Amino acid sequence: GWMKMKNKILRNSLMGVLAITLISGIFIPAAAAREKKNIKEIQGLVAVKDIDPTITVDLRYATEDNFTEKKIYPYAIAILRRETAEKLAAANKKFHEDGFGLKLWDAYRPPSVQKIFWELVPDERYVANPSKEGSRHNRGGAVDVTLVDSFGREVPMPTKFDDFSENASVHSIMVSAEGKTNANYLAKVMTQSGFDIYEHEWWHFDDRNWKDFPLVDV
């Protein structure tokens, strides 16, 4: 009788250990996943790298390699509205399937920077007038992007970034065939992912819901 009771206690103990092990295997990763999703958000804005670390960030205005030839942004951290960043990540996933990836040149832009750009280029085709509705960038609902290949090299496009000429237009025919093809492919995937094309700049895309986003200054 004692041996049977001892074996029963042992079996129950083993079952308890097994149950704890199984529960740990199920719930600990789930908790970790929830913690991973707990991304820092300020006024609806998040760091793009927190949503998709595989997107290449090359914030030109955080360097002197831009049309102002000055470093405008103090930090090379790209931020966007969370829903816009998630759409960008969805587009990047599609590009990966074809052996490409996104490079981000600009994302959220503070209104103070918008005023600087307007003073330098007071042309509403290329810079939104800050005294009106401001830029979609000021809402965190717009991106300036290009494509890179599997080695991280930029693919040929119609023009360089911030080319304030007619050649930057998506309708331009005065560009190379390869550049036009790549820009069309970029536009196709971006529009499929919830963005609208901006006709004067092949690199600029607006979140289709940008009007729902408030102007923020962070």
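The dialogue below works through a predicted model of one protein chain, asking at each step what supports a given description.

Student: How do you know how much confidence the predictor has in this chain as a whole?

Tutor: The confidence score, pLDDT, runs from 0 to 100, and the protein chain averages 84, with 83% of the residues scoring at least 70. Residues 13-36 stand apart in this respect, since pLDDT stays under 50 there, and for that stretch the model has two contacts beyond four places in sequence.

Student: Which elements make up the chain, and in what order do they run?

Tutor: The protein chain has five helices and seven strands, and from the N terminus on the elements run α-β-α-β-β-α-β-α-β-α-β-β. Of the contacts with a separation of 6 or more, 71% are accounted for by residues 24 or more positions apart, and 42% of the 218 residues count as buried.

Student: Why is Trp203 called buried?

Tutor: The word buried is used for a relative accessible area under 20%, and Trp203 has 0% relative accessibility, so Trp203 counts as buried. Trp203 sits in the loop between β6 and β7, and, leaving aside neighbours within four places in sequence, its contacts include Trp105, Val143, Phe161, Asp162 and Ala168.

Student: What makes Trp203 and Asp162 a pair in contact?

Tutor: A contact requires heavy atoms within 4.5 Å, and Asp162 is among the residues listed as in contact with Trp203; therefore some heavy atoms of the two residues lie within that limit. For another residue, Ser169, what is given is a C-alpha to C-alpha distance of 9.4 Å from Trp203, across 34 residues in sequence.

Student: Is Asp162 buried or exposed, and how do you know?

Tutor: Asp162 has a relative accessible area of 12%, and because the limit for buried is under 20%, Asp162 is buried. Asp162 is found in the loop between β5 (142-148) and α5, and has a positive phi of about 55° although it is not a glycine.

Student: Glu69 also has a positive phi; why is Glu69 called exposed?

Tutor: Exposed is used for values over 50%, and Glu69 reaches 62% relative accessibility, so Glu69 counts as exposed. The phi of Glu69 is about 60°, although this residue is not a glycine, and Glu69 has its place in the loop between β2 (56-57) and β3 (79-81).

Student: Leu59 is found in the loop between β2 and β3; what makes Leu59 buried?

Tutor: The relative accessibility of Leu59 is 5%, which falls under the 20% limit, and therefore Leu59 counts as buried. Not counting residues up to four places away in sequence, Leu59 touches several residues, among them Tyr73, Tyr75, Ile77, Leu104 and Trp105. The C-alpha atoms of Leu59 and Tyr73, 14 residues apart along the chain, are separated by 8.4 Å.

Student: How do you know that Ser193 is buried, and which backbone oxygen lies 2.8 Å from a polar atom of its side chain?

Tutor: Ser193 has 10% relative accessibility, and because this is under 20%, Ser193 counts as buried. The backbone oxygen is that of Val189. Ser193 lies in the loop between α5 (177-192) and β6 (195-197), and touches Lys87, Ala90, Ala91 and Lys94, not counting residues up to four places away in sequence.

Student: Where is Tyr185 found, and which residues is Tyr185 in contact with?

Tutor: Tyr185 is found in helix α5, and, leaving aside neighbours within four places in sequence, is in contact with Lys94, Phe95, Asp98, Phe100 and Leu147. Tyr185 and Phe95 are 90 residues apart in sequence and 9.5 Å apart in space, C-alpha to C-alpha.

Student: How many residues of the lining of the largest pocket are nonpolar?

Tutor: The largest pocket holds about 430 Å³ of space; of the 20 residues that line it, Tyr75, Ile77, Ile79, Tyr108 and Val218 are the closest to its centre. The lining divides into 17 nonpolar residues, no polar ones and three charged.

Student: How does the lining of the second largest pocket divide?

Tutor: That lining has nine nonpolar, six polar and 10 charged residues. The second largest pocket has a volume of about 350 Å³, and among its 25 lining residues Tyr126, Val127, Ala128, Ser135 and Tyr198 lie nearest the centre.

Methods: Residues numbered from 1 in each chain as written. Predicted model: local features only at pLDDT ≥ 70, side-chain atom pairs only at ≥ 80, totals over all residues. Heavy atoms only, no water. 1 Å grid on protein atoms, 1.4 Å probe; cavity = no way out; pocket = protein on both sides within 12 Å on 5 of 7 lines; lining within 4 Å. Points joined across faces, edges and corners; volume = space filled by probe spheres on them. Nonpolar A, V, L, I, M, F, W, Y, C, P; charged D, E, K, R; others polar. Helix = DSSP H or I, 4+ residues; strand = E, 2+ residues; numbered from the N terminus. Buried < 20%, exposed > 50% of the residue type's maximum accessible area, 1.4 Å probe, protein only. Polar contact = N/O pair within 3.5 Å; in protein donor to acceptor, adjacent residues only side chain to side chain.
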